[in-house]
Amino acid sequence: MLSAAALGLGFAACGDDDDDGGAGGDTATTPAQTTEAPEASFDLTIGDLVPLTGDLSAFGPPGRKAADIAVEQINAATQAVGADITVKIEHSDTQTQEQAAVQAARQLISGGAGCIAGAWASSNTIPVGTSVASRQRVPIISPASTNPEITGLNDNGFVFRTAPSDTLQGPALANTIEQELGDATGTIVLAGRNDAYGEGLLAAFKAAWEEKGGKTRGPILYDPEQPNYNSEASEIAEGAADGYVIVDFPETYARMGAALVRTGNFDASKLFVTDGLAADTVEDVGAPSRALVGARGTRPGVPESGDVVTGFAELFDAAGGPERQSFDAQNFDAVMLCFLAAVAAGSGEGPAIKDKLQSVSSAPGTKYTYLQLGE
């Protein structure tokens, strides 16, 4: 089983806002200070771009389940307060493939989606954002895409995310490895997928580790579609190293891990992974146990305690089906943000939702969690 050093992230909150994007002032408003919003009446379809097959398929079913739970909470809240709002969700499999993700996004929008949770892989979110979301004027909120390029993407402001950029995860991983090794003087071998996720995260880690005074070898990048990785595995495992950082997804690492074991020189206790491999069991990855047991790493996290955390865990358990996995809370948040922005806009249309997403998820304003959704 992998142990994960979690990044300290929380559930999204929302704030009351005016047309200037906030309630004004330096302190959060109280309910008594907040101007009551006009009655909203609309229908909203939320699309869910989720990887049910392909390299990220281990994360897809729990993510879909989290999205369904969010919509159940939304509809229960709207009914409880008598709001004239109906919300439904449509799921579509990205197959963890660029073209499939683009096509799935187009189909969801053609079906009436005014806001989309997803995609998950950065290599899917970037083309969906530039060729679909920005052109069709429908916002997308990725729960899992961490490539720094997304921050400055030419998307006309229609691409958002609830997972942290690798500009945060790279240094967090460097801090974790320094703590685990006792210092930052060692040499770390860098390897990973030759795509936006692998390149971006390895670059962020390399910069952070070398700034600490550490050394790196690589990166050794490999095509996720290769039939085998014997050559790359030999290059990763050869020579002395204090640790390995491998950025990958489960389906690909199942093959890479097998190749690393075959070298006879790979020590999984020196392996550090990132969120794409932050599975809870070796079985989730499919790689030989000798390629994973003892590995550590980072993944986006949620607060460790509190009513919000406990309540979400209870909702997830009560729903049955897939167990918790990385990014399920982030997908729950993405769906919630679609709804909250639509309420603030009084509309289920994409451009109106997009214009309210930042104001409902940042200060100033009164903070709410899904436990106070009716309010």
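Which residues point one way from β9, and which the other way? Gly243, Val245 and Val247 take one side, Tyr244 and Ile246 take the other, and all are buried. Welcome to a short tour of this predicted model, with stops at that strand, a disulfide, a threonine in a helix, and helix α1.

**Strand β9 and its partners**

- Strand β9 covers residues 243-247 and is mostly covered, with 5 of its 5 residues buried.
- On strand β7 (residues 187-193), the pairing with β9 is parallel and is made by 5 bridges.
- Within that pairing, Leu190 has Val245 of β9 as its bridge partner.
- Strand β10 (residues 271-273) also pairs with β9 in the parallel sense, here over 3 bridges.
- Val245 turns up again in this second pairing, where Val245 stands opposite Phe272 of β10.
- Helix α7 (residues 250-263) joins the picture too: β9, α7 and β10 together make a right-handed β-α-β unit.

**The disulfide**

- There is 1 disulfide in the structure, and it links Cys115 with Cys338 at an S to S distance of 2.1 Å.
- Cys115 sits in strand β4 (residues 115-117) and Cys338 in helix α10 (residues 328-345), so the bond ties together parts that are 223 residues apart in sequence.
- The disulfide is left-handed, because the torsion about the S-S bond of Cys115 and Cys338 is about -70°.
- Cys115 and Cys338 are both buried.
- As a reminder, a disulfide is a covalent bond between the sulfur atoms of two cysteines.

**Thr125 in helix α3**

- Thr125 belongs to helix α3, which takes in residues 122-136.
- Is Thr125 buried or exposed? Its relative accessibility is 0%, so Thr125 counts as buried.
- A polar atom of the Thr125 side chain lies 3.1 Å from the backbone oxygen of Ala119.
- Ala119 also appears among the contacts of Thr125 once neighbours within four places in sequence are left aside; the others are Trp120, Ile140, Ser142, Ser145, Ile150 and Val159.

**Helix α1 and the residue after it**

- Helix α1 (residues 60-80) has 21 residues, which at 1.5 Å a residue should span 30 Å.
- The end C-alpha atoms of α1 are 30 Å apart, so the model agrees with that expected span.
- Just after α1 comes Gly82, which takes a positive phi of about 70°.

Conventions. Residues numbered from 1 in each chain as written. Predicted model: local features only at pLDDT ≥ 70, side-chain atom pairs only at ≥ 80, totals over all residues. Heavy atoms only, no water. Helix = DSSP H or I, 4+ residues; strand = E, 2+ residues; numbered from the N terminus. Buried < 20%, exposed > 50% of the residue type's maximum accessible area, 1.4 Å probe, protein only. Polar contact = N/O pair within 3.5 Å; in protein donor to acceptor, adjacent residues only side chain to side chain. Contact = heavy atoms within 4.5 Å. Disulfide = S-S within 2.5 Å. Expected span 1.5 Å × (residues − 1). Pairing = 2+ DSSP bridges. Right-handed = clockwise from strand over helix to strand, strands pointing away.
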